Amino acid sequence: MSPVLKITTRNARFQQWQSLLSNRNKRQRLRAFVVQGVRPITVALDRGWAVEAILFDPDRRLSEWARNVLEIAGGERFALSRELIAELGEKTDDAPELLAVMSLPGDDLGRIPVAQDFLGIAFDRPTSPGNLGSVIRSADSFGAAGVIVTGHAADPYDGAAVRASTGSLFAVPTVRVSSPADVRDWVESHRAEGVPIQMVGTDENGDADVYDVDLTLPTLLVVGNETTGLSAGWRDGVDRLIRIPMTGSASSLNAANAASIVLYEAMRQRLRQPVG
């Protein structure tokens with residue numbers, strides 16, 4: 001275990017960590033973000049994510065889990081007062097015993113594995129970090145290989161997104177790209193290599209119900225912005241638009257809910273495929 005450095009004031013290092021919580025530009029510039037919670041930190045360590053620092057309260061009787069993290073995690077060790085760690089944990093009434101500062105991975109579509117059973121999801125310009133985290137969690141739950149975030153969008157490394165993913169951010173590669181064209185080029189490169197990925201967008205005016213579309217094929221599902229739906233670039237770029245049949249007065253679903261339903265349907269179809 002690396003030597004422990006003590007921080008007792010809101011010094012420059014503390015302010016740097018604090019900026020990672022709320023400032024997206026700082027996260028990008030420093031290539032780091034703060035992770036809170038037992039499950040997210042555990043999954044991150046299990047999946048081999050790079051740790052820059054572990055922050056803990058030295059005056060607290062640490063749990064076996066926290067002691068184990070201090071023992072096995074990489075990076076520096078910092079001992080902070082309860083007050084300071086409570087600020088970074090954003091829980092003044094229930095200060096965490098331990099926090100982690102993780103390195104940001106690169107936004108490289110090559111991080112997403114592609115095979116003949118490929119299932120992935122692209123979220124077009126999500127505005128809510130919570131919705132984005134929920135989609136990442138559903139992608140993990142239903143067997144997706146990765147999540148692509150396109151356009152000017154919420155940050156998957158925002159604290160709200162990390163918490164909403166409940167650790168799935170560290171299990172499912174999540175990559176940010178600037179436009180649908182970047183994704184189409186990536187899809188075309190895999191098609192050229194023999195993986196016939198279909199791009200399927202969700203829309204209330206889609207031309208087929210979700211359960212009538214063959215989602216056992218290599219598939220990239222595309223879900224639109226919470227307010228405006230799919231951008232023109234995506235509407236023109238997907239192979240087809242599908243809809244989720246609904247009754248009642250609602251005409252559409254929350255984007256995260258819609259993503260979960262279609263991902264579940266894809267998993268259901270694949271589980272029903274004959275073995276061999």
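**Around helix α10 and the two sheets**

Biologist: The elements that cover the buried residues of α10 include β6, α6, β9, β11 and β12 (240-243). This is a predicted model. Let's start with α10: what is the distance between its end C-alpha atoms?

Modeller: Happy to. Helix α10 covers residues 255-271. At 1.5 Å a residue, its 17 residues should span 24 Å, and the distance between the end C-alpha atoms agrees with that: 24 Å.

Biologist: Is α6 roughly parallel or roughly antiparallel to α10?

Modeller: Helix α6 (residues 129-141) packs against α10 with the axes 9 Å apart and an angle of about 10 degrees. Angles under 35 degrees count as roughly parallel. That makes the arrangement of α6 and α10 roughly parallel.

Biologist: In the contact of α6 with α10, how many residues are charged?

Modeller: From α6 come Asn131, Ser134, Val135, Ser138, Ala139 and Ser141, while α10 brings Ala256, Ala259, Ser260, Leu263 and Met267. The residues of this contact divide into six nonpolar and five polar. As for charged residues, there are none: no charged.

Biologist: Now the sheet with seven strands, please. Which strands stand at its edges?

Modeller: The sheet is open, its pairing is parallel, and the order is β8-β7-β6-β11-β9-β12-β10. An edge strand here has a single partner strand, so one side of it is left without a neighbour in the sheet. At one end, β10 pairs with β12 in the parallel sense over two bridges, with Arg243 in β12 as the bridge partner of Asp209. The edges are β8 (174-177) and β10 (208-209).

Biologist: And how many residues of strand β11 are buried?

Modeller: Strand β11 has cover on both faces: Thr219, Leu221 and Val223 are buried on one side, and Leu220 and Val222 on the other. β11 is therefore largely enclosed by the rest of the structure. The count for residues 219-223 is five of the five.

Biologist: Which residue in β11 is the bridge partner of Ile121?

Modeller: Strand β6 (residues 119-124) pairs with β11 in the parallel sense over five bridges. Strand β9 (residues 198-202) also runs parallel to β11, joined by four bridges, and there Gly201 stands opposite Val222. For Ile121, the partner is Leu221.

Biologist: Helices lie across this sheet too. At what angle does α6 run to β6?

Modeller: Helix α8 (residues 180-192) lies across β7, β8, β9 and β11, at about 145 degrees to β9. Helix α6 lies across β6, β7 (146-150) and β8. Its angle to β6 is about 175 degrees.

Biologist: Over to the sheet with mixed pairing: which residue in β5 stands opposite Leu55?

Modeller: That open sheet has five strands in the order β1-β4-β3-β5-β2, with β1 (4-7) and β2 (32-35) as its edge strands. The twist averages 25 degrees from one strand to the next. Within it, strand β3 (residues 51-56) and strand β5 (residues 98-103) pair in the antiparallel sense over five bridges. Opposite Leu55 stands Leu99.

Biologist: One last stop, in helix α1 (residues 12-22). Is Leu21 buried or exposed?

Modeller: The contacts of Leu21, leaving out residues up to four places away in sequence, are Arg27, Val34, Gln36, Glu87, Leu88 and Glu90. Leu88 lies 67 residues apart from Leu21 along the chain, yet their C-alpha atoms are separated by 7.7 Å. Buried means under 20% relative accessible area. With a relative accessibility of 15%, Leu21 therefore counts as buried.

Definitions and conventions
Residues are numbered from 1 along each chain as its sequence is written. This is a predicted model: local features need pLDDT of at least 70, side-chain atom pairs count only at pLDDT 80 or more; totals for chains, interfaces and linings use all residues. Side-chain values use heavy atoms; hydrogens and water are left out. Buried means under 20% relative accessible area, exposed over 50%, partly exposed in between (1.4 Å probe, protein chains only). Two strands pair if DSSP finds at least two bridges between them. Axes are lines fitted to C-alpha atoms, for helices over the stretch in contact, and angles run from 0 to 180 degrees between N-to-C directions. Angles under 35 degrees count as roughly parallel, over 145 as roughly antiparallel, 65 to 115 as roughly perpendicular and the rest as oblique. Contact means heavy atoms within 4.5 Å. Ala, Val, Leu, Ile, Met, Phe, Trp, Tyr, Cys and Pro count as nonpolar, Asp, Glu, Lys and Arg as charged, and the others, Gly among them, as polar. The expected span of a helix is 1.5 Å times one less than its number of residues.
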